[in-house]
Amino acid sequence: MLNLPRFTAAAVQASPVYLDAGATVDKAIALIGEAAGNGATLIVFPEVFLPGYPYWNWTMNPVQGSPWFERLYRSSVDIPGPEVDALRAAARQYGIVLVIGVNERGAHSLGVLYNTMLTIGTEGELLGVHRKLVPTWAEKLTWTGGDGSSLQVHRTPIGPLGVLACGENTNTLARFTLLAQGELVHASSYIALPVAPEDYDMADAIAVRTAAHSFEGKVFSVVACSTISPEIVDTIAGDDQEVRRMLARPRSALSGIFGPDGRPVTEPLIDDEGIVYAEIDLGKCIQPKQMHDITGHYNRFDVFQLHVDNRPRRPVTFATDPAPAAPGPDAKDIAELKALKDLKALKDLKEEI
């Protein structure tokens with residue numbers, strides 16, 4: 001019998017201590033302690049929880065928002081760095097798998113920021129640093145895109161775990177890349193988005209994307225979204241009543257846990273701060289695969305092929321850098337070599353006759 005994990009997952013819906021990474025780490029560690037005390041061994045936090053989301057990109061023009069970009073940069077975190085070390089220590093202390101979003105300062109260039117998701121293991125090891133591949137819409141004013149090297153599924157005590165940030169969960173190929181590596185637990189992090197067009201329901205959008213990935217992949221999904229605190233409203237809106245009204249818009253956040261049938265395992269949390277808990281039994285991923293296994297029998301790999309460039313991208317390479325290892329032959333190369341060998345054998349046979 002397969003020893004498939006059963007565990008409690010927690011999705012944290014909360015706001016950061018806005019633009020204060022140190023204080024937000026303290027809040028995160030307190031929430032980790034609370035969730036672990038309630039039995040959670042997987043705890044997922046919102047997108048860019050440290051130290052918050054650049055809402056000014058949506059409410060100001062780029063010139064007005066530029067000083068705010070600098071403020072965010074100065075408040076962001078380095079990897080490695082003291083804030084990450086504190087989170088690693090908390091994961092180790094409580095023996096939990098932790099997924100949390102941060103604004104990461106790029107080491108190679110002053111001013112570069114990444115929208116990054118950290119995956120930390122039960123021993124405090126940094127398992128993954130996933131940089132959002134494509135910043136969404138107005139986010140391009142703040143973040144640099146990542147590369148394919150972080151599209152990885154991590155082997156953890158709670159099962160094979162993959163992560164994506166917010167709008168990446170709309171990217172079919174990114175999701176398939178994780179599923180094809182054996183993902184059974186999917187963590188996704190979002191931000192409350194009251195600044196979208198008025199006919200856009202963020203709570204529904206999160207639920208639809210989460211349900212779709214769970215149903216298509218027959219996996220469990222844990223989704224965590226931030227909230228809009230009065231502090232964020234005061235910081236971003238000031239005395240602008242129109243912006244204050246916008247930031248108070250309901251149904252801007254949803255957190256929850258969805259099963260391999262695409263349905264919520266328990267009632268999701270909308271807008272309010274809190275923690276959603278649910279029991280996950282990975283054995284429940286088996287039977288649904290008999291109907292649709294898009295990384296197995298329910299696909300045609302002779303018809304469809306996905307190529308992922310998972311090489312880390314650096315801004316510069318030098319002639320003195322070690323040469324990359326020569327790639328081994330792929331299936332097509334092997335087939336061509338076999339065909340040439342068969343052709344030579346046939347030619348030799350004809351000559352003998």
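This is a short tutorial dialogue on reading the features of one predicted model.

Q: What should I know before I start clicking on residues in this predicted model?

A: Numbering starts from 1 along each chain as its sequence is written. Local features need pLDDT of at least 70 and side-chain atom pairs count only at pLDDT 80 or more, while totals for chains, interfaces and linings use all residues, and side-chain values use heavy atoms, with hydrogens and water left out.

Q: How many helices and strands are there in the protein chain?

A: Helices here are DSSP runs of H or I with at least four residues, strands are runs of E with at least two, and both are numbered from the N terminus. The protein chain has 10 helices and 12 strands. Its C-alpha atoms fill a box of roughly 95 × 55 × 45 Å along the principal axes.

Q: What share of the 353 residues counts as buried?

A: Buried means under 20% relative accessible area, exposed means over 50%, and partly exposed is in between (1.4 Å probe, protein chains only). Of the 353 residues, 49% are buried. For the surface itself, areas come from the Shrake-Rupley method with a 1.4 Å probe, and for residues only the protein chains shown count as cover. The accessible surface comes to about 17800 Å², with 56% of it belonging to carbon and sulfur atoms.

Q: What do contacts between residues at least 6 apart in sequence look like?

A: A contact means heavy atoms within 4.5 Å. In that set, 71% join residues at least 24 apart.

Q: Which residues have the most contacts inside the largest nonpolar core?

A: A nonpolar core is a set of buried Ala, Val, Leu, Ile, Met, Phe, Trp, Tyr and Cys residues joined through side-chain atoms within 4.5 Å. The largest one has 37 residues, and Y53, Y55, W56, L193 and I236 have the most contacts inside it. Elements that each supply at least two residues include α2 (56-59), α3 (62-75), β9 (220-225) and β10 (254-258). Helix α6 gives the most, with 5 residues. Take I236 as a worked case: beyond its neighbours within four places in sequence, I236 touches Y18, Y55, W56, T59, M60, V243 and L247. There's also a second, separate core of 27 residues, with I32, A35, A36 and I96 among them.

Q: Is α5 mostly covered or mostly open?

A: Mostly covered: 6 of its 8 residues are buried. Those are A174, R175, F176, T177, L178 and L179. Their cover includes β7 (159-165), β8 (185-190) and α6. Helix α5 spans residues 172-179 and also holds L173.

Q: Where does L173 show up, then?

A: In a surface patch. Patches are made of residues with over 30% relative accessible area and no salt bridge; like charges are joined within 9 Å, and nonpolar side chains (Val, Leu, Ile, Met, Phe, Trp, Tyr) within 5 Å. L173, L306 and V308 make a nonpolar patch of about 230 Å².

Q: How many aromatic pairs should I look for?

A: Rings of Phe, Tyr and Trp (its six-membered ring) pair if their centres lie within 6.5 Å; planes under 30 degrees apart are stacked, over 60 edge-to-face, and the rest tilted. The count comes to 5. One of them, W58 with W137, is edge-to-face, at 5.3 Å centre to centre and 80° between the planes. W58 sits in α2 and W137 in the loop between β5 (126-131) and β6 (154-156), 79 residues apart. W137 is exposed, at 57% relative accessible area. Elsewhere, Y53, Y55 and W143 form one aromatic cluster.

Q: And how many salt bridges does the structure hold?

A: A salt bridge is a side-chain nitrogen of Lys or Arg within 4 Å of a carboxyl oxygen of Asp or Glu. The structure holds 18. In one of them, D78 and R105 have their closest N and O atoms 3.0 Å apart. D78 is in the loop between α3 and α4 (82-94) and R105 in strand β3 (residues 97-105), so the pair ties together parts 27 residues apart in sequence. D78 is partly exposed at 33%, while R105 is buried at 19%.

Q: Are the partners K132 and E139 buried or exposed?

A: K132 is buried, with 1% relative accessibility, and E139 is buried too, with 2%. Their side chains meet at 2.9 Å, N to O. E47 joins K132 and E139 in a network of salt bridges.
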